[in-house]
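Here is a short tour of one protein chain, written for someone who likes to check the geometry while reading. Open the model beside the text and follow along.

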Amino acid sequence: DGSRDLVSTGLLSLKMAEKPSTTMRQQPPLRFRGQLVRHPPSFAEKQAAKEAQKLSFVETFLGLDELKYPHLWKACLIEIFGTCVLCIVSIGAVLSSFGNQPGPDTPPRVDPPAVGIAIAHFFIMALLILSLAASSGAHINPMISFATILTGHTPATRGVLYIFSQMCGSVIGSQIMKDALPESTREWTVSENGQGQLGGCTYGTLTEKQQFLIEFGFSLFVIVCAYGLAFDARQGKIFGPVLAPIFIAAAIAAGIYSSGTLLPSGYSGAGMNPARCFGPAAVMGGPTTLLHLFLRQRLHLCRSLYIYLSPTSLLLLREQHVHTTPH
């Protein structure tokens, strides 16, 4: 009898291990799935997801209910801080790669400068994503936030607040570098083949069509890598919370090098981050005009719609609506 009880207990334990618990099955899904690194939801996020089960599909997409939760505003502050730090270190990396005023008798410290800029940004982006992903998702890029709004990974209200926060952070970081650096250092990147003061984004002699196509191609490359490596839950299980940010940083570095050495005549390379281009232009009055910003916005819309209209993204939105609607 004793051996029979042991066998029965063992079989029962195996069945319980194979069958997911009712508590785990009924756990509400996480509303915000736009993290570049997956992490377990906090208690506040679980509560928000529970209350969101009564919302309609449109209310879920807009995410206005999140405004009453402190964790949303904390995430916005993290986005301000992260983009500010990104601009500070990125501007320093660009200026350090040039090293002096480029000219016939004063070659840049790294030749071509795009090599040094790409290597520096590989470490900058990987470390920032790993450091901030658990707090806000580590977007620090309006391009990422806008794309995740349309694919349902980020509620619209949170995404708009993120974009505003990122723009503010870029201006703060650029202003800090403007006040911290002497004028001669700020102008190290000012030349025919440079990037404007504070390593800003310039387009030189490129036409509007060339600007659009180059930005579209290299930015799409970053978006494809971010979605394929981080936002896809299946890929997240393969790459885990560490490899995905490293590969995304590598994609950004590859884009910087490939576009930065592509065309001379004052072209600074593909921006791939409107906030990084907006900050120096706002504080220095650089060449990033409203027309360039409009072209970037049009590019982000086209790219995001491309992702949004794909069958995988439409299925994702339908599944989210099913899981967050009471039956």
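A residue is called buried here if its relative accessible area is under 20%. Serine 145 has a relative accessibility of 0%, so this serine counts as buried. Please keep in mind that the model is a predicted one.

## The overall picture

The protein has 14 helices and 0 strands. Buried residues account for 48% of its 327 residues. If you look at contacts with a separation of 6 or more, 75% of them join residues 24 or more positions apart.

## Helix H7 and serine 145

Let us begin with H7, which covers residues 142-150 and holds serine 145. How many of the 9 residues of H7 are buried? The count is 8, and H7 is accordingly described as mostly covered. Among the buried residues are Pro142, Met143, Ile144 and Ser145, and the list goes on with Ala147, Thr148, Ile149 and Leu150.

Both ends of this helix have something to show. At the N-terminal end, asparagine 141 acts as a cap, with a side-chain oxygen 2.9 Å from the backbone nitrogen of methionine 143. Beyond the other end, glycine 152 follows H7 and has a positive phi, near 85°.

What does the side chain of serine 145 make a polar contact with? Its partner is the side chain of histidine 139, at 2.9 Å. Leaving aside residues up to four places away in sequence, serine 145 touches His139, Gly159, Tyr162, Ile163 and Gln166.

## H7 against H8

Several of those neighbours lead us to the next helix. In general, a pair of packed helices is described by the distance between the axes and the angle between them. For H7 and helix H8 (residues 156-180), the axes come within 9 Å and cross at roughly 170°. Angles over 145 degrees count as roughly antiparallel, and H7 and H8 are therefore roughly antiparallel to each other. On the H7 side, the contact is made by Pro142, Ser145, Phe146 and Ile149. H8 contributes Ala156, Gly159, Val160, Tyr162, Ile163, Gln166 and Met167. Sorted by type, the residues of this contact are 8 nonpolar, 3 polar and no charged.

A general point about helices helps in reading such lists: an α-helix has 3.6 residues a turn, so residues three or four places apart point the same way.

## The disulfide and other cysteines

The whole structure contains 1 disulfide. Cysteine 201 and cysteine 277 form this link, with their sulfur atoms 2.0 Å apart. The angle about the S-S bond is -75°, and the link is left-handed. Cysteine 201 sits in the loop between helix H9 (183-186) and helix H10 (208-231), while cysteine 277 belongs to helix H12 (residues 274-284), so the pair ties together parts that are 76 residues apart in sequence. Cysteine 201 and cysteine 277 are both buried.

Why does cysteine 87 form no bond with cysteine 84? The sulfur of cysteine 84 is the closest cysteine sulfur to that of cysteine 87, but at 7.4 Å it is too far for a bond. Cysteine 87 is buried, with a relative accessible area of 0%. Cysteine 225 is buried too, with a relative accessible area of 18%.

## Alanine 275 in H12

Alanine 275 is another residue of helix H12, and its relative accessibility of 0% makes it count as buried. Although 134 residues separate alanine 275 from asparagine 141 in sequence, their C-alpha atoms are 6.3 Å apart. Beyond its neighbours up to four places away in sequence, alanine 275 touches Thr83, Cys87, Pro142, Gln166, Met167 and Ser170.

## Three buried loop residues

The table gathers three loop residues with their accessibility.

| Residue | Loop between | Relative accessible area |
|---|---|---|
| Tyrosine 69 | helix H4 (57-62) and helix H5 (70-98) | 11% |
| Isoleucine 140 | helix H6 (113-136) and H7 | 0% |
| Methionine 272 | helix H11 (233-260) and H12 | 5% |

Two of these deserve a look at the backbone. Isoleucine 140 has a phi near 40°, a positive value in a residue other than glycine. Methionine 272, likewise a residue other than glycine, has a positive phi near 60°. As for tyrosine 69, this residue is 21 residues from alanine 48 in sequence and 7.8 Å from it in space, C-alpha to C-alpha.

Definitions and conventions. Residues numbered from 1 in each chain as written. Predicted model: local features only at pLDDT ≥ 70, side-chain atom pairs only at ≥ 80, totals over all residues. Heavy atoms only, no water. Helix = DSSP H or I, 4+ residues; strand = E, 2+ residues; numbered from the N terminus. Buried < 20%, exposed > 50% of the residue type's maximum accessible area, 1.4 Å probe, protein only. Polar contact = N/O pair within 3.5 Å; in protein donor to acceptor, adjacent residues only side chain to side chain. Contact = heavy atoms within 4.5 Å. Disulfide = S-S within 2.5 Å. Axes fitted to C-alpha atoms, helices over the stretch in contact; angles between N-to-C directions. Parallel < 35°, antiparallel > 145°, perpendicular 65-115°, else oblique. Nonpolar A, V, L, I, M, F, W, Y, C, P; charged D, E, K, R; others polar.
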